[in-house]
Amino acid sequence: MSNEQSELEKRQIHRPSSEEAKRISRECLQIAMLQLLSEKDLNKISITELVQRAGVSRATFYRNYNTKDELLLDISNDARRVVTSLLQVHGTREEIYSQCLRSFKLMKKNEKNVRNIFNARITFSAALSLHERTEKPEYADAKRRYLSLAFEGAMLFIVKEWVTEGMRQSPEEMAEICTQILSESAAQTLFGG
């Protein structure tokens with residue numbers, strides 16, 4: 001191992017509670033995974049390399065995750081929450097724009113990590129697994145359910161395209177685009193129109 005400090009050592013934490021230790025360990029593993037993904041493909045990252053970078057033991061890794069894909073899904077879940085938060089907006093056009101702008105600014109601020117998540121190329125089965133584990137709201141009818149899925153997919157692909165194209169448009173431009181989409185009649189139908 002190099003002289004570089006692990007994520008756990010950088011925090012200089014002494015005897016945290018078991019819940020706090022678990023949260024910190026998971027956070028360190030997530031940060032280490034994102035760092036490694038910026039250097040190489042997921043299939044070239046070993047568990048040994050990952051735990052060394054995170055500053056935790058293999059046992060800690062396996063107490064928290066069964067596989068690297070599961071760790072990546074945990075990281076992706078955070079990113080997915082940002083994307084799906086775009087679907088939780090409703091109200092006036094200004095309120096929709098404001099929420100969209102906050103989401104795009106957050107993604108821009110964390111550009112490197114967001115890019116690493118998209119570059120990891122989560123497998124279709126892993127993405128399905130993530131979708132199945134996500135709490136789903138109840139819908140009054142099939143139309144609203146499928147509209148919700150359509151908007152979720154649209155927002156995901158808009159964000160993916162923005163990220164893979166280098167985030168050339170400003171968060172303000174992206175917020176305006178998504179506001180227009182979310183303000184249309186289908187969105188109003190979905191959110192109570």
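## Helix packing and nonpolar cores in a predicted model

Leaving aside neighbours within four places in sequence, T179 is in contact with R93, I96, Y97 and C100. The model is predicted. T179 sits in helix α10, and its relative accessible area is 0%. Because buried means under 20% relative accessible area, T179 counts as buried.

The protein chain as a whole holds 11 helices and 0 strands. Read from the N terminus, its elements run α-α-α-α-α-α-α-α-α-α-α. Of the 193 residues in the chain, 35% are buried. Among contacts between residues at least 6 apart in sequence, 69% join residues at least 24 apart.

### Helix α10 and its partners

Two packed helices are described by the angle between their axes and the distance between the axes. The table gives both values for the contacts that α10 makes with α6 and with α9.

| Helix pair | Axes come within | Crossing angle | Handedness |
|---|---|---|---|
| α6 (residues 93-109) and α10 (residues 171-183) | 8 Å | roughly 135° | right-handed |
| α9 (residues 142-164) and α10 | 12 Å | roughly 165° | right-handed |

For the first pair, the axes cross at roughly 135°. Angles over 145 degrees count as roughly antiparallel and 65 to 115 as roughly perpendicular, so α6 is oblique to α10. On the α6 side, the contact is made by R93, I96, Y97, C100, L101, F104, K105 and K108. These meet P171, E172, M174, A175, E176, C178, T179, Q180, L182 and S183 in α10. By residue class, the contact of α6 with α10 divides into 10 nonpolar, 3 polar and 5 charged. T179 is one of the α10 residues in this contact, and the residues listed for T179 at the start, R93, I96, Y97 and C100, are among those that α6 supplies.

For the second pair, the axes cross at roughly 165°. That angle makes α9 roughly antiparallel to α10. Here F151, M155, I158 and W162 in α9 meet M174, C178, I181 and L182 in α10. The residues of this contact divide into 8 nonpolar, no polar and no charged. M174, C178 and L182 appear in the contact with α9 and also in the contact with α6.

### The nonpolar cores

The largest nonpolar core has 21 residues. Those with the most contacts inside it are L29, M33, L50, F61 and L71. Three elements, α2 (18-37), α3 (47-54) and α5 (68-85), give two or more residues to this core. The most comes from α2, with 8 residues.

Which residues does L29 touch, not counting residues up to four places away in sequence? They are L50, V51, A54, V56, F61, Y65 and L71. Of these, L50, F61 and L71 are themselves named with L29 among the residues with the most contacts in the core.

A second, separate core has 18 residues and includes C100, M155, V163 and M167. Two of those names also belong to the helix contacts above: C100 in α6 takes part in the contact with α10, and M155 in α9 takes part in the contact of that helix with α10.

### The N-terminal segment

S6 lies in the segment before α1 (7-11). Is S6 buried or exposed? At 3% relative accessibility, S6 counts as buried. S6 and V56 are 50 residues apart in sequence, and their C-alpha atoms are 8.4 Å apart in space. V56 is also one of the residues that L29 touches.

Note on methods. Residues are numbered from 1 along each chain as its sequence is written. This is a predicted model: local features need pLDDT of at least 70, side-chain atom pairs count only at pLDDT 80 or more; totals for chains, interfaces and linings use all residues. Side-chain values use heavy atoms; hydrogens and water are left out. A nonpolar core is a set of buried Ala, Val, Leu, Ile, Met, Phe, Trp, Tyr and Cys residues joined through side-chain atoms within 4.5 Å. Buried means under 20% relative accessible area, exposed over 50%, partly exposed in between (1.4 Å probe, protein chains only). Helices (H or I, at least four residues) and strands (E, at least two) are DSSP runs, numbered from the N terminus. Contact means heavy atoms within 4.5 Å. Axes are lines fitted to C-alpha atoms, for helices over the stretch in contact, and angles run from 0 to 180 degrees between N-to-C directions. Angles under 35 degrees count as roughly parallel, over 145 as roughly antiparallel, 65 to 115 as roughly perpendicular and the rest as oblique. A crossing is left-handed if the near helix is turned anticlockwise from the far one by less than a right angle, and right-handed if clockwise. Ala, Val, Leu, Ile, Met, Phe, Trp, Tyr, Cys and Pro count as nonpolar, Asp, Glu, Lys and Arg as charged, and the others, Gly among them, as polar.
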